[in-house]
Amino acid sequence: LHRGHEVLLEKAASIAERELIIGVTGDVLLKNKKYAEIIQPFPKRKENILQFLKGYKDSVNYRVVELSEPMGPTASEGDVEALVVSEETFKSGQDINKYRQDHGLKPMDLIQIDTIPNRSDLK
């Protein structure tokens with residue numbers, strides 16, 4: 001869980017009213033990811049997320065789901081109202097909204113956070 005993830009989680013939790021669905025890349029999707037071999041297993045990442053959010057907003061139910069495909073529950077759950085994205089994932093959010101509309105679901109609000117530069121970007 002790095003600072004960029006924390007910013008996404010903080011923003012999502014701040015706007016959630018009843019439930020926050022947190023999609024976490026699963027093993028199936030990880031095999032294509034850079035440095036996949038050093039990424040912690042899903043159960044540990046889930047635990048880290050729930051620990052980070054503990055006490056943040058007790059009125060919200062935090063549901064961490066393992067993503068086996070990129071769209072996750074946003075492709076099929078009609079009551080999802082918003083998706084917090086980064087500059088890097090904004091296009092994917094637009095693609096998911098197109099998919100939702102094509103399948104009779106209301107598009108989600110896309111809420112974009114600012115990208116946090118990593119150390120190599122600061123040099």
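Me: This is a predicted model, and Asp102 is called exposed. Why?

Reply: Asp102 has a relative accessible area of 51%. Exposed means over 50%, so Asp102 is exposed.

Me: Why is Lys98 called partly exposed?

Reply: Lys98 comes out at 49% relative accessibility. Partly exposed runs between under 20% for buried and over 50% for exposed, so Lys98 counts as partly exposed.

Me: What makes Lys98 and Asp102 a salt bridge?

Reply: Their side chains meet at 2.9 Å, N to O. The cut-off is a Lys or Arg side-chain nitrogen within 4 Å of a carboxyl oxygen of Asp or Glu, so the pair qualifies.

Me: Where do Lys98 and Asp102 sit in helix H4?

Reply: They are four residues apart in helix H4 (residues 90-102), so about one helical turn separates them. Elsewhere, salt bridges that share partners join Arg3, Glu6 and Glu10 into one network.

Me: What makes that a network?

Reply: Arg3 is the shared partner: it bridges Glu6, with the closest N and O atoms 3.3 Å apart, and Glu10, at 3.5 Å, N to O. The limit is within 4 Å, so both pairs count as salt bridges.

Me: And why is Glu81 called exposed?

Reply: Glu81 has a relative accessible area of 53%; exposed is over 50%, so the label fits. Glu81 lies in the loop between strand E2 (61-67) and strand E3 (82-85), and joins Glu17, Asp79 and Asp109 in a negative surface patch.

Terms used: Residues numbered from 1 in each chain as written. Predicted model: local features only at pLDDT ≥ 70, side-chain atom pairs only at ≥ 80, totals over all residues. Heavy atoms only, no water. Patch = residues over 30% accessible without salt bridge, like charges linked within 9 Å, V, L, I, M, F, W, Y side chains within 5 Å. Areas by Shrake-Rupley, 256 points an atom, 1.4 Å probe, with all protein chains shown as cover. Lys, Arg positive; Asp, Glu negative; His and termini not counted. Charge placed at Lys NZ, Arg CZ, Asp CG, Glu CD. Helix = DSSP H or I, 4+ residues; strand = E, 2+ residues; numbered from the N terminus. Buried < 20%, exposed > 50% of the residue type's maximum accessible area, 1.4 Å probe, protein only.
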